[in-house]
Amino acid sequence: MADNDLTQDLQDQVKAAYESGTALAIVGGGTKQTWLGEYAGQAIHTAGHRGIVSYAPTELVITARAGAPLAEIHAALAEHDQTLAFEPPSYGSATTLGGVIACNHSGPRRPFAGAARDFVLGVRMINGTGEVLRFGGEVMKNVAGYDISRAMAGSFGTLGIMLDVSLKVLPRPPAQVTVAREQRAADAVQLMNRWAGESYPISAAAYDGERVLIRLEGAESAVRAAQKQLGGENVSDATVLWQSLGNQSHGFFSGSGALWRISVPPATLPLALPGKWLYDWCGGLRWYRGDARADEIRAAATTAGGHAICYRGCAGASRFQPLHPLMLQLHKRIKAAFDPKNIFNRGLMYQEL
Amino acid sequence: MNQSALKEKVIAGLARMLPENALLHVDEDLRPYECDGLSAYRQLPLCVALPDTVEQVQAIVRFCAQLGVPIVPRGAGTGLSGGALPNAEGVLLSLAKLNKIIGIDPDNRCARVQPGVRNLAISEAAAPHGLYYAPDPSSQIACSIGGNIAENSGGVHCLKYGLTVHNILGLQIITADGELLNIGGTAFDSPGYDLLAMLTGSEGLLGIVVEATVRLLPRPQRAQVVLAAFDDVSRAGDAVAAVIGAGIIPGGLEMMDRLAIRAAEDFVHAGYPLDAAAILLCELDGTNEEVSEYILKVRDIMVRCGATEVRTAKDEKERALFWKGRKSAFPAVGRLAPDYYCMDGTIPRQRLAEVLATIDELSQQYQLPVANVFHAGDGNLHPLILYDANRPGELEKAEELGGAILELCVRVGGTITGEHGVGMEKINQMCVQFGSAELTQFHALKAAFDPQGILNPGKAVPTLHRCAEYGAMHVHRNQLPFPELERF
Ligand SMILES: Cc1cc2nc3c(=O)[nH]c(=O)nc-3n(C[C@H](O)[C@H](O)[C@H](O)COP(=O)(O)OP(=O)(O)OC[C@H]3O[C@@H](n4cnc5c(N)ncnc54)[C@H](O)[C@@H]3O)c2cc1C
């Protein structure tokens, strides 16, 4: 498919929907639909709105249309040895930039480099009244006005349709190696966080139930030196391994049954829920497969200072962790500020939004 | 209600909820609060409240919300855009007494602090664990973390370690109707919208920060700085691009122009080369091996880009000295003239040479000298305009020149503020950077948080009416034969 600017077309569709109060379901590549399920509304497709608008490697900025396939961005950056440092997980060749940002999806490098939202510099978007708006820009530092472009990340399309996104990019680390060490869960959590608090060039830390996996990245000399200090076994097919943790294609995820994503302070000791666990993000991101009830899972997460998202087998439980009533009220007002007739992705995040 | 009756009522009400000495209302006591770091703007508030507990803050906000009395939050008052400028009909709410470090959590690498804690105090408290708080504004010995959050402050290490928004995990705020709200926490994410992004940089307009959880990082094993001199600013700009193009992200990358170099050298004797048109300070930090590898590469790049001189700090003492010159550039330049006015635009770095040339032309046109210090890595430019406030009209001239510089930044694809905020100062330039649709969206977001509009009203986002007036004046001015007569 060729580069294409569909701003006018998308704007017309939103304006019409605003006039008639029609719900719109924003669809990018459609690769996350198995997870997000069906959401209300007439489909509005962004995948045709694609192409890289500008890329200045020495400015560390790329601007691309929301429908641009992630793979195309990766390829353009790779030519200049650069990368999206938040390691966005890809769910197939159709994954779009807009989808990644809307879901704030970030890979294993998240605790060390930041999340998708940390790399957003600016957006052009259509709000719920059909207006095209531009926030932020293509520079690294910009505090003029509220940081709306960053807040688009993780709003799951409920505040508007992103047209273009400007992202900070970074050099690709010249060297990397992954080492593994057998460990029990509690010790694994401790070890990952101890090392993360020292000055090793660590770029990912996970625990697969048996082994702590540490990825070292940076200058060749630094990676070699750290590898010596940390010890452990060399993992050979590490690139695939880290990708599989990011996009849930790792063997841990296969099969049926409930799957939960639990986010807690990284050094939290193992939660007392029966089942199988996989830790990423130094222990800050915990995948859980087991039979505990949704309310037990949510209570355990909350007590630890975190929250839980259901990925599959939710048995009637809401996907996202319910918000505190005060928080929900504020969310409704924010939603209305962008989308007064509640046309975008109605009910996708919460029933009330 | 007239002004004095209102004042009486507010003071009587607040006195009931605050300890003795925590409420100021006599003019001479209010005087120290009449401005922030931008002293050209002054205003006495109705009164100053100095709560020392979160409950008191909450009670004050509830009380003000009931009466519809504006609240202007204030941290340490070092802001440079008039964000904490008092409101004549409002309460100035100082958060300075909420100054406890609640806890350092080395395992989760974070600190819980009250808003009045000084930026540097966090790193000092974290130091025994080998950790520190990365954003380091030059004002870090004085400015508060609450103010940093409200402004999304940066520092010389932002390119690599991010701004305040990248280093905040959680907030506790008092909303405009006096509710206590927890946002985020110690985990890497939280359910719902990214309120941390909305709050950070909101200049006290969306909520009052009463607690923050900030991210701590391990201290790099080693840091080393290279100083490179150039006889041409565009060559220095090319060198910056070349370093980044080579895949190196320095911990700090700063540029100073001739006037700034001279001022700093006179002030701290850092050994800067006085004949240079620009110097770059490039700091590399990380592991021993990485720093060793990259320092050689950087030296090499500087030479290739035409540096007339390249020096590596030979020890920690010299490194500190190189930085001292940069970090004291503002006061140093301040010694060259009775007053200086610090601007804060960001530009795409590739436009640097052109922007500096235009600033030079403007400087000559307005007959006011301008020194430039530049966070070169991330394109954040601080032109310092020298003037004398005692000369009639000179402040206005400086402000006009400043406005022209900011509009230049927008024209080349940048922004009117990189880290100091809009406040009162750049409210007109917001009309240049944003159209009415964006401004309307900002106002709608503000109303979602603060329907009554009592938090820091009149700052950060101009009304459409104001922009219409400013726009009209602008067009008008270009046609006027005596532009210097036209004032807004
Ligand atoms: C010499 C000098 C050097 C500087 N260098 C830098 C620099 O390198 N980088 C940089 O980014 N800035 C710099 N600044 C600007 C200034 O220090 C920062 O903006 C700082 O974050 C302000 O903090 P403060 O506590 O002084 O806030 P104040 O000036 O008191 O307030 C700033 C804004 O924050 C709001 N506010 C304060 N506390 C709260 C709270 N608890 N809740 C809600 N709103 C609140 C106020 O209403 C106001 O709008 C410098 C200033 C000076 C004087």
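## Polar contacts to the ligand

An oxygen atom of the ligand sits 3.3 Å from a polar backbone atom of B:Glu203. That comes from a predicted model, as does everything else here. Another backbone contact involves B:Gly154, with one of its polar atoms 3.0 Å from an oxygen atom of the ligand. B:Ser153 uses its side chain instead: a polar atom there lies 2.7 Å from a ligand oxygen atom. As for how much of the ligand gets covered, it exposes 980 Å² when taken alone, and the protein buries 93% of that.

## Who lines the shell

There are 33 residues around the ligand, and the ones that come nearest are B:Pro73, B:Gly75, B:Thr78, B:Ser139 and B:Ser144. Sorted by character, the shell has 17 polar residues, 12 nonpolar and 4 charged.

Which elements of chain B each supply at least two of the shell residues? They are β3 (71-74), α5 (145-151) and β10 (208-215). Of the elements, α5(B) gives the most, with 5 residues.

Zoom out a notch and two domains of chain B show up: domain 1 (3-94) and domain 2 (101-218) both give residues to the shell, so the ligand lies between them.

## Chain B as a whole

Chain B has 17 helices and 19 strands. Its radius of gyration is 23 Å, close to the 23 Å the globule rule gives for 488 residues, so chain B is as compact as a globular protein of that length. Along its principal axes, the C-alpha trace spans about 70 × 65 × 40 Å. As for burial, 62% of the 488 residues of chain B count as buried.

Notes
Residues numbered from 1 in each chain as written. Chains lettered and ligands numbered in written order. Predicted model: local features only at pLDDT ≥ 70, side-chain atom pairs only at ≥ 80, totals over all residues. Heavy atoms only, no water. Near = heavy atom within 4 Å. Polar contact = N/O pair within 3.5 Å; in protein donor to acceptor, adjacent residues only side chain to side chain. Areas by Shrake-Rupley, 256 points an atom, 1.4 Å probe, with all protein chains shown as cover. Helix = DSSP H or I, 4+ residues; strand = E, 2+ residues; numbered from the N terminus. Nonpolar A, V, L, I, M, F, W, Y, C, P; charged D, E, K, R; others polar. Domains from an automatic or database assignment. Rg over C-alpha atoms; globule rule 2.2 N^0.38 Å. Buried < 20%, exposed > 50% of the residue type's maximum accessible area, 1.4 Å probe, protein only.
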